[in-house]
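Trainee: I should like to learn how to read a chain from its overall make-up down to a single helix pair. Where should one begin?

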Amino acid sequence: MSKRSPEVVKISSPGDLVLAVSQMLGFTPTDSIVTLCTHGRRRRFGLTLRFDLEVGCVPDQLAAVLETRVRHQKADGVFVVIFGDGPVLDGVLPYREVADEVAARMGDLMLDVLLVADQRWWSYLCQDAGCCGPGGTPIDDQSSGATAIAAAYAFAGQVVLPDREALVASVAFDSDPGGARAAVEAALARQSRQGEPARVLAVRTLVERLIRAGSDPRTAVTDGDAAELAAFCHDVIVRDEVLVQAIEPEPREVLLRVLRDAVRRVPPPYDAPICATLAWVAYATGDGALANVALDRVFATDPDYSLGLLIFDSLNAQVPPTMLEQVMREAGRDLRRRSAAG
């Protein structure tokens, strides 16, 4: 799913579009098909879908799945980018059957179908040799559009990782197991002596402080704050207060960075609640790739964790991220009413 850009950046060439896809996914895919929905006269990006192109995939079945999800989004247009793995020989584009099937099914919406391989791009649809020759077009990561895209994401603290494995590693536990486990246990014991209203106020204060500090992408979450936040997330009501802090886009993107940093300091078996919180905020931001790898950690610890299952089902059903915003707003009103009644 697409990641909300930190600012509006104009994309004016297929090469810039390819670079933008990697920025939105958070990693550079290989042997994948990526579908980008566009909306409105300015063709703003909406839903972004990525599927592995596995050996033996059935083109018409894959195209049918993509078409169903794109039309469910009521997109005005669609770009499809196929990422290969290896050079193109003699101008013969791989995955031609997939590209043709997708273009046939969504011809009324199709803006272009591109192949990316060996740092070049080709169009499956363009027949003009002067525009799209057999050797493809080099991807210029120093173009003005590419520079603007990279600068916008870098300003928000978002980098492109080399592959999905690197994305998984970016949210994997990476600290001293014994010390981290003891810190979370101490935080859980400390919070158990507080009433629910006090815990809600405490987590609100903590998250607001972390968001203020996290506005500088160079700021790291401390081990103590990570343990405290992880412990708070074990209480469903208190955890929902964290989600409420992600209602508005700007603090949501900062909170996403905070949570990505925090989960690396939280070990099993205490990581499912905070990793599910990360998955929810990532999904609300439009980062389905990050939501999925966060869910991997959730289910490794607790396959039945309810928030994780809810997010998993929402991802499979391609529920729009805007619906999560509405859920968060309703949860915020419920928490405020609960606080006032208490």
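Mentor: We shall go from the whole chain to one helix pair and then to one residue. Please keep in mind that this is a predicted model.

Trainee: How many helices and strands are there in the protein chain?

Mentor: The protein chain holds 14 helices and 6 strands. Of its 342 residues, 49% count as buried. Its accessible surface comes to about 15900 Å², and carbon and sulfur atoms account for 53% of that surface.

Trainee: Which share of the contacts between residues at least 6 apart in sequence joins residues at least 24 apart?

Mentor: That share is 71% in the protein chain.

Trainee: How does one read the packing of helix 10 and helix 11: are they roughly parallel or antiparallel?

Mentor: One takes the angle between the helix axes, and an angle over 145 degrees counts as roughly antiparallel. Here the axes of helix 10 (residues 249–263) and helix 11 (residues 272–285) cross at roughly 150° and come within 9 Å. The two helices are therefore roughly antiparallel to each other. The crossing of helix 10 past helix 11 is left-handed. Among the residues making the contact are Leu-255, Leu-256 and Leu-259 of helix 10, together with Ile-274, Leu-278 and Val-281 of helix 11. The residues of this contact divide into 11 nonpolar, 2 polar and 3 charged.

Trainee: Turning to a single residue, is Thr-68 buried or exposed?

Mentor: Exposed means a relative accessible area over 50%. Thr-68 has 54% and is therefore exposed. Thr-68 lies in helix 2 (residues 59–72). Its C-alpha atom is separated by 9.9 Å from that of Arg-105, 37 residues apart along the chain.

Terms used
Residues are numbered from 1 along each chain as its sequence is written. This is a predicted model: local features need pLDDT of at least 70, side-chain atom pairs count only at pLDDT 80 or more; totals for chains, interfaces and linings use all residues. Side-chain values use heavy atoms; hydrogens and water are left out. Axes are lines fitted to C-alpha atoms, for helices over the stretch in contact, and angles run from 0 to 180 degrees between N-to-C directions. Helices (H or I, at least four residues) and strands (E, at least two) are DSSP runs, numbered from the N terminus. Angles under 35 degrees count as roughly parallel, over 145 as roughly antiparallel, 65 to 115 as roughly perpendicular and the rest as oblique. A crossing is left-handed if the near helix is turned anticlockwise from the far one by less than a right angle, and right-handed if clockwise. Contact means heavy atoms within 4.5 Å. Ala, Val, Leu, Ile, Met, Phe, Trp, Tyr, Cys and Pro count as nonpolar, Asp, Glu, Lys and Arg as charged, and the others, Gly among them, as polar. Buried means under 20% relative accessible area, exposed over 50%, partly exposed in between (1.4 Å probe, protein chains only). Accessible areas come from the Shrake-Rupley method with a 1.4 Å probe; for residues, only the protein chains shown count as cover.
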